[in-house]
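User: Please take a close look at one part of this model and describe what surrounds it. I'd like one connected account, with the cut-offs given as you go.

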Amino acid sequence: LFGKYDPNVVSKTFTTFEANRIILSERVGKRNPYTNNQVLADGFYYGYGQYAVDVLVPSFLAAYTGKSPEKVSLINQSNPQLRSNPFEAIFPLPNWKLDYNGLTRIKGLEKILTNFTFSHGYNANVSMNAFTSQLDYQDVSNYGFPSFYDSVYRGFIPYYMMPNVTIIEQFAPLVGFDMMFTNQMQAKFEYIKTRALSLSLIDYQLSEVRSTEFVIGAGYRKKGMKILAGLKLPKFLDKTGKGMLDNEINFRLDFRIRDNVSSISRLNQGDAYATGGSRDIVITPSIDYFLNNRINIKLYF
């Protein structure tokens with residue numbers, strides 16, 4: 001996620017993904033008795049070439065999750081019962097969210113800040129949008145592996161086929177803090193990094209979207225705010241008739257800027273190219289006022 005990224009240059013991680021395939025072909029080929037340990041001229045095992053699903057998916061997961069191609073989990077192509085899960089050995093990494101608000105306990109800071117929260121979080125998921133069982137699948141000797149070699153597909157027809165694999169990961173935020181000063185002023189900052197990867201197993205190309213986002217916010221809250229002199233407020237806002245709001249009002253202004261870049265890399269083509277990009281700027285001012293403990297009025301733009 002933090003490696004050097006040029007949408008028009010094949011990334012180092014994508015090159016690793018391509019190189020992983022020959023290792024995964026050997027691992028899967030040695031497990032399947034129908035290959036007879038036959039290695040083809042290009043170094044791949046018989047039935048498990050460069051575009052085989054059983055080779056591509058674990059190669060992709062190994063490269064883009066930082067795992068060894070020798071240890072990454074394989075797809076389970078046996079089907080002992082109808083509800084078998086082909087991805088049962090693929091476990092996700094834990095996500096996390098950390099918040100620390102102990103800085104206000106440091107001597108001297110309590111005179112400046114009433115609250116300071118430091119945040120850091122990571123979330124990710126891997127998904128296969130769909131998978132189907134193949135009618136052409138055969139296992140003539142009941143080994144639990146495919147035995148039918150398709151000369152058009154140029155490989156064994158696996159039990160499970162899928163159109164794509166997607167990885168989405170985000171540091172939300174990588175670094176963030178939210179503070180409240182003793183004078184009721186607020187300040188906020190967040191730095192967010194996101195990467196979305198989608199590997200197509202139909203046309204064998206990888207779509208990648210990266211975004212970098214900064215959020216800067218400021219606010220002010222006040223209870224019993226005095227309104228302009230001479231301005232008479234409705235009774236439900238000013239029960240005392242002194243021209244002051246009875247309850248708390250909160251002013252907020254957030255500024256968000258996000259850069260997005262999209263690119264495509266194609267297997268065995270040695271090229272990558274940008275497909276799109278944008279810079280999004282969002283400004284969100286708002287005013288909240290609490291009429292009572294059940295009703296909150298919000299003005300926003």
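Analyst: Happy to help; the account below follows a pair of helices, then their core, the spaces beside them and a few backbone details.

This is a predicted model, in which local features need pLDDT of at least 70, side-chain atom pairs count only at pLDDT 80 or more, and totals for chains, interfaces and linings use all residues. Residues are numbered from 1 along each chain as its sequence is written, and side-chain values use heavy atoms, with hydrogens and water left out.

Let's begin with H2, residues 53-65 (helices are DSSP runs of H or I with at least four residues, strands are runs of E with at least two, and both are numbered from the N terminus). The end C-alpha atoms of H2 are 18 Å apart, which agrees with the 18 Å that its 13 residues should span at 1.5 Å a residue (the expected span is 1.5 Å times one less than the number of residues). H2 is largely enclosed by the rest of the structure, because 12 of its 13 residues are buried (buried is under 20% relative accessible area, exposed is over 50%, and partly exposed lies in between, with a 1.4 Å probe and protein chains only). The buried run goes from Val53 and Asp54 through Val55, Leu56, Val57, Pro58, Ser59, Phe60, Leu61, Ala62 and Ala63 to Tyr64. Their cover includes helix H1 along with strands S2, S6, S7, S8 and S9 (contact means heavy atoms within 4.5 Å). Just after H2 comes Gly66, with a positive phi near 75 degrees.

H1 takes up residues 12-31, and its 20 residues reach 29 Å from first C-alpha to last, close to the expected 28 Å. H1 also has a kink of about 30 degrees, centred on Arg21 (the bend at a residue is the angle between axes fitted to the seven residues ending there and the seven starting there). Arg21 itself is among the buried residues of H1, a list that also includes Phe14, Phe17, Glu18, Asn20, Leu24 and Val28. Those buried residues pack against H2 and against strands S8 (185-200), S9 (205-223) and S10 (248-266).

Two residues show how H1 meets its neighbours. Leaving out residues up to four places away in sequence, Phe17 touches Leu56, Ser59, Phe60, Ala63, Tyr64, Leu199 and Leu267. Leu24, which also lies in H1, counts as buried because its relative accessibility is 0%. With the same sequence exclusion, Leu24 touches Val55, Pro58, Ser59, Pro69, Val72 and Leu74. Ser59 of H2 is thus a contact of Phe17 and of Leu24. Looking along the chain from Leu24, Asn36 is 12 residues apart in sequence and 16 Å apart in space, C-alpha to C-alpha.

Both helices feed the largest nonpolar core, which has 32 residues (such a core is a set of buried Ala, Val, Leu, Ile, Met, Phe, Trp, Tyr and Cys residues joined through side-chain atoms within 4.5 Å). Phe17, Val57, Phe60, Tyr64, Met162 and Val165 have the most contacts inside this core. H1, H2, S7 (164-181) and S8 each give two or more residues to the core, and H2 supplies the largest share, 9 residues.

Now for the empty space. The model holds 2 cavities of 30 Å³ or more, and the largest has about 50 Å³. Its lining includes Val53 and Asp54, as well as Tyr48, Pro146, Tyr153 and Phe156. The largest pocket has a volume of about 410 Å³. Thr65, Phe91, Pro92, Leu93 and Val126 are the closest to its centre among 22 lining residues, and H2, S2 (113-127) and S7 each give two or more residues to the lining. On a 1 Å grid over the protein atoms alone, a cavity is a set of points where a 1.4 Å probe fits but cannot get out, and a pocket is an open set with protein on both sides within 12 Å along at least five of seven lines; lining residues have an atom within 4 Å of a point. Points are joined across faces, edges and corners, and a volume is the space filled by probe spheres set on them.

Finally, S7 has a backbone detail to check: Pro173 lies in this strand, and the Ala172 to Pro173 peptide bond is cis, with omega near -5 degrees. In the loop between S7 and S8 sits Gln184, a residue other than glycine with a positive phi near 75 degrees. Gln184 counts as partly exposed because its relative accessibility is 29%.
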